[in-house]
Amino acid sequence: MSSINDRPLSRRTALKFGLGATAMPFLAGSLSGCQGASTSGGGDFTFISTQFTPIEEKQRYEKILSTHVKDFKIAYNSMTAGEVVTQVSAQVKANKVSIGLVGGLHGDLATLADNLEDLDTVKSQLSSAGISDDLWSLATLGGSTVKYIPWMQATYVVAAHKSTLAYLPSGADQNKLTYDQYLQWAINARKATGKAVFGFPAGPKGLYHRFFQGFLLPSFTGGQVTGFASADAITAWKYMKELWANMNPASTNYDNLQEPMARGEVLVGWDHVARLVNAPKDKPDDWVMLPSPTGPKGQGYMLVVAGFGVPRGADLDKATKVMTSLSQLPAQAETLRQNAFFPVVKGDLPTDLPPAVSLEAKAVGAQQNASNAIIAVTPVGLGKRDGEVSQVYKDCFAQICKDGKEPAAVLGAQAKVLQGILDQAKVPCWAPDKAVAGQTCSVA
Amino acid sequence: MSTLAPSRTEQSDDVPVDLRPLRRLKRNRLLLQLACVAVSLFMVVPFYLIAVAAFSSPAAMNEFPLRFLPTAFSVETMSTFLSSTGVGAGLINSLIVAVGTLALSLVVGAPAGYAIARYVFKGRDQYQLFLLFTRALPIVVLSVPLAELFLNVGMYDTPLAVVLLHTALTLPTTILVTASVFLAVPVDVEEAARIFGCGPLGAFGRVVLPLALPGISAASIFTFVLSWNEVLGATILTLNQRTLPATVLSSLSDSPLTFRFAGGFFLIVPALIFIAVMRKYLINMWGTTIR
């Protein structure tokens, strides 16, 4: 061994040393663990959210945050609902909270309810903003205190290419369609064009279950859970079966409708406003946005509410500053202009909206102000079981519309599944069903 | 070939030459080439399509049928993707994590593999099987406790946390691959080194390691690619210092089609470069083991 040490340093050895020396900072950096680069813009306040995940939406919202929250820089992280739950609950459990603010849909925040601070003080600070009482009562998540501050809202409407308006049944008012007229429209369009041009976001990540929960069933039965297997519900699902038969069968691949609409595969369809807004973006003159149809019991529509929550143990003062800044009308209007989510605060919408957004604003306004409107919300207080309830509606669709099973039998079986979930969760009903505190919601 | 020419003239003299073996040879060569081309196409075509889509304008992606040739070249999508927050930083983090995982798993895994290959000890087979259990346990079930643990230790949201997790995930493959590589190195050469005056470490470092290097590089490709592609663990353990896939994956899946292709292209390229660099060691390995 000693002879090796006597050997003068060879060129190869020297090169190896050089390589090692270059790699050292890398290794040292990774091993010391503090040298990672920030992937969220290096802000000093962490805001995680399930909203605005698409790249461009996220970029636009980061700009809104930097212009409307002046005091400090916000690191905005958008991630899936599951990741948000893991991150927040792990941090709260470990009592080392570095997340300043959590943004999410009502259902996302409901899952986290136990990990969120009570925000009644923030509510009183925002008393002049004009956030409606309906939203505040949703924000309690079934408890007695406010768990989140309403952030923005959205709903679902129908987008239609102008060329299809010719196939509307005679005498139909496009802004006051009934479900029967909507079906007739689909049949006429299919017969005239030779292909099914109506689409439905029934893909694996599509939001089609919201159509049953918030639109079809409330319009036909007046309820979402109540009357789940009633005669009215059977009529509704029979209707759905017929409508589905006249829709583009590729709909089971559509997670959203904006892309099939841009490709020209789908010319009429119902979807979330933040998705549909991208369809007419390039050619707004070719498209119209319509309120959702009306059924025998009224015009059911679902309100999508997103809110801010503060994880237990986070810096409440800082979070309050961010929440109040983002609840000002300018920030809210900018969110509508850029990302098509509607304000929760009172005030006039800006007049300089992009064409696609202003089309939507009209349809949303017509939907909200209809005299026979039936407001539905996403399930309240179910927390983690929210997805299971949605699955019940998806299963009904799969079995009745796709497999062609008898609606009455399917609904009877699924009603038992739904009731089982409700009994275990012990939650009262939610809109449009009447909520009675302390009384578990029933499908009957 | 020169012998063929006279044979053709003799053909008239009623001595037919059997050309069938030659034809068969040519046909087999052609088939072999075709098979090679088919396999290469199988690998290259998806990559080509991703590249074409990544550099197409969004409008071109809505046309039907999609074009096979890059006629609507545009870097618009790619530049929007690259300018979005966290892509550059994510790339740096991913490299730190992948290289760190590589180093750590080799430092720990190669000696373990050597021990399995060279020493007979009680419970060796069970130990080898037990190693794979790490991979049998889904991270999803561990997510919250895992994050909690790293939070309590104070390593949460650092690349080191991800390096440790990835090392734990890659160790089974590293150990098993290196063990089989060390098995292929004859004990004789190691003993010879000992006889000529090397200590155990010296024999390992000067004789066994160089011979096993190709196999170790193969193991390192596995490690690198696994760490590069791992998302779930990275998303659980980090928040503001994420690896590239963890930063962009959830937003890509909700983004328009062109962004998905741009992101996919950007995620593939570094792994391809790494594999290209490691390639020559791999071929070397096949050279030594096929002897």
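Q: How much area is buried between chain B and chain A, and what share of it do carbon and sulfur atoms give?
A: Keep in mind that this is a predicted model. Put the two chains together and about 3,900 Å² is buried between chain B and chain A, with carbon and sulfur atoms giving 57% of that. Three residues, T85(B), L239(B) and N240(B), supply 16% of what chain B buries against chain A, more than any other three. As for residues in contact, 46 come from chain B and 43 from chain A.

Q: Which charged and polar links should I look for across that interface?
A: Begin with the salt bridges: there are 2 between chain B and chain A. One of them joins D254(B) to K205(A), where the closest N and O atoms are 3.2 Å apart. Then there are the polar contacts, with 18 residue pairs found across the interface.

Q: Which elements of chain B give residues to the side that touches chain A?
A: Here you go through the helices and see which ones give two or more residues. In chain B, they are helix 4 (76–83), helix 5 (87–118), helix 8, helix 9, helix 12, helix 13 (244–254) and helix 14 (257–290). Helix 5 of chain B gives the most, with 8 residues.

Q: Where is the kink in helix 8 of chain B centred?
A: Look along the helix for a change in the direction of its axis. Helix 8 of chain B, residues 139–153, has a kink of about 35 degrees centred on P145(B). Just after the helix comes G154(B), and its phi is positive, near 85 degrees.

Q: Which residues of helix 8 of chain B are buried, and what do they pack against?
A: An α-helix has 3.6 residues a turn, so residues three or four places apart point the same way. In helix 8 of chain B, the buried ones are I139(B), S143(B), V144(B), L146(B), A147(B), E148(B), F150(B) and L151(B). Their packing partners come from both chains: helix 4 (81–94) of chain A, plus helix 9 (159–184) and helix 12 (232–237) of chain B.

Q: Is N115(A) buried or exposed?
A: You read that from the relative accessible area. For N115(A) the value is 17%, so this residue is buried. N115(A) sits in the loop between helix 5 (106–111) and helix 6 (120–125) of chain A. Setting aside neighbours within four places in sequence, N115(A) is in contact with V88(A), S89(A), V92(A), V310(A), P311(A) and R312(A).

Q: How do the two domains of chain A meet?
A: Find the domain bounds, then look at what lies between them. The assignment gives domain 1 of chain A as 45–154 + 304–365 and domain 2 as 156–302 + 372–425. Their C-alpha centres lie 27 Å apart, and 22 residues of domain 1 are in contact with 23 residues of domain 2. About 1,800 Å² is buried between them, 70% of it from carbon and sulfur atoms. The count is 1 salt bridge: R275(A) pairs with E57(A), with the closest N and O atoms 3.7 Å apart.

Q: What about the two domains of chain B?
A: Take the steps again. Domain 1 of chain B covers 4–54 and domain 2 covers 85–290. Their centres, taken over C-alpha atoms, are separated by 41 Å, and the contact takes 5 residues from domain 1 and 7 from domain 2. The buried area is about 540 Å², with 91% from carbon and sulfur atoms. F47(B), I50(B) and A54(B) supply 75% of the area that domain 1 of chain B buries against domain 2. The salt bridge count between these domains is 0.

Key
Residues are numbered from 1 along each chain as its sequence is written. Chains are lettered from A and ligands numbered from 1 in the order in which they are written. This is a predicted model: local features need pLDDT of at least 70, side-chain atom pairs count only at pLDDT 80 or more; totals for chains, interfaces and linings use all residues. Side-chain values use heavy atoms; hydrogens and water are left out. The bend at a residue is the angle between axes fitted to the seven residues ending there and the seven starting there. Helices (H or I, at least four residues) and strands (E, at least two) are DSSP runs, numbered from the N terminus. Buried means under 20% relative accessible area, exposed over 50%, partly exposed in between (1.4 Å probe, protein chains only). Contact means heavy atoms within 4.5 Å. Domain bounds come from an automatic or database domain assignment. Buried area is the accessible area (1.4 Å probe) that two parts lose on being put together, summed over both. A salt bridge is a side-chain nitrogen of Lys or Arg within 4 Å of a carboxyl oxygen of Asp or Glu. A polar contact is a pair of N or O atoms within 3.5 Å; within protein, one must be able to donate a hydrogen and the other to accept it, and residues adjacent in sequence count only if both atoms are side-chain atoms.
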